[in-house]
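The following exercises concern the structure shown below. Each task is followed by a solution worked in steps.

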Amino acid sequence: MRRLGAFVVLVALLAGCGGSVAHAESRAGVTTRILLLARGRDRPLPTTIWSLDGLTGKHPVVLFSHGLGGLPAHFAPLAATWARAGFIVVAPTYPHTNAKVRVDRSDVRNQPADAAFALHAAEKADPRLDAARVVAVGFSAGGTTTLGLLRAGHDPGIVAAVSVAGRRPPSAFGGPSVPVLFVHGDRDGTVPLRAGRDAYAALPWPKTFVTVPAGRHGDYLKVGRPGYPMVSARILAFLQQQV
């Protein structure tokens, strides 16, 4: 992943979150910041935020979750696309499943709470976030995390969700109905297509399933790959329709 530029270090105090350092940089009209959040001693949650330079007023949010062995930075082109469309992207780095640690896949069950925490901590730090218009998006285990947010009593600000190559979460779906877009490659050898369809079948709400022809595990989320233009456009159109 190419470096986007030199970091400018900013110091911020996040209300209710203790002292935190935010790194900020700008490229091609999009500012990237990293907020150093934590949900307890063993759950550091550095959270990357993408937004348009000079953005003012309230704006809808994309709450993005990476997969096993991933990082928010791996999805920077997608996040920048969403930011240019007027969204503020909030992407926590999960403490026990990211690329810099030994991955503990059993910890995915704790990530929906991490995502909710990061969203509202970021909202306190940045009043431009409209937490009443949130679309949760996730890839692979992040897709499972996203679907796990849709349990009984889920955050009423979540108005839609996108699961890319995700599995059915361990928790049951519940709470207010939200539309969900499922995206899955038909040649995914990591999370088989049938796993995505099982999650789709279990959801009792409005939903759409998009199969990516010849799509492997997330290759269509990478700029320059054959499926990227279709998938990125389909996800962006869904985001814009829901907010």
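**Exercise 1.** How many bridges join strand 5 to strand 6, and in which sense do the two strands run?

*Solution.* The model is predicted: local features need pLDDT of at least 70, side-chain atom pairs count only at pLDDT 80 or more, and totals for chains, interfaces and linings use all residues. Residues are numbered from 1 along each chain as its sequence is written, and side-chain values use heavy atoms, with hydrogens and water left out.

Step 1. Helices (H or I, at least four residues) and strands (E, at least two) are DSSP runs, numbered from the N terminus. Two strands pair if DSSP finds at least two bridges between them.

Step 2. Strand 6 covers residues 88–92 and is joined to strand 5 by three bridges, the two running parallel. Within this pairing, Val62 lies opposite Val89 of strand 6.

Step 3. Together with helix 1 (residues 76–84), these two strands form a right-handed β-α-β unit. A crossover is right-handed if, with the strands pointing away from the viewer, the path from the first strand over the helix to the second runs clockwise.

**Exercise 2.** Describe the pairing of strand 5 with strand 7, and state whether strand 5 is enclosed or open.

*Solution.* Step 1. Strand 5 also pairs with strand 7, in the parallel sense and over six bridges; here Leu63 faces Ala136 of strand 7.

Step 2. Buried means under 20% relative accessible area, exposed over 50%, and partly exposed in between (1.4 Å probe, protein chains only). Seven of the seven residues of strand 5 are buried, so the strand is largely enclosed by the rest of the structure.

**Exercise 3.** Determine the surroundings of helix 3 and of the residue Ser140.

*Solution.* Step 1. Helix 3 spans residues 141–148, and because eight of its eight residues are buried, the helix is largely enclosed by the rest of the structure.

Step 2. Contact means heavy atoms within 4.5 Å. The elements against which the buried residues of helix 3 pack include strand 5, helix 2 (111–125), strand 8 (158–164) and helix 4 (193–202).

Step 3. One residue of helix 2 is Gln111, which is buried at a relative accessible area of 0%. Leaving aside residues up to four places away in sequence, Gln111 touches Tyr94, Thr97, Ala141 and Thr145; Ala141 and Thr145 are among the buried residues of helix 3.

Step 4. Ser140 sits in the loop between strand 7 and helix 3. Its phi is near 60 degrees, a positive value in a residue other than glycine, and its relative accessibility of 10% makes Ser140 buried.

**Exercise 4.** Which residues are linked in a network of salt bridges?

*Solution.* Step 1. A salt bridge is a side-chain nitrogen of Lys or Arg within 4 Å of a carboxyl oxygen of Asp or Glu. The structure holds six of them.

Step 2. In one of these, Asp114 pairs with Arg39, the closest N and O atoms being 2.7 Å apart. Asp114 belongs to helix 2 and Arg39 to the loop between strand 3 (30–38) and strand 4 (44–52), so the pair ties together parts that are 75 residues apart in sequence. Asp114 is buried at 0%, whereas Arg39 is partly exposed at 29%.

Step 3. Asp107 forms a salt bridge with Arg43, again with closest N and O atoms 2.7 Å apart. Asp107 counts as buried at 6% relative accessibility, and Arg43 counts as buried at 7%.

Step 4. Arg39, Arg43, Asp107 and Asp114 are thus the residues linked in the network.
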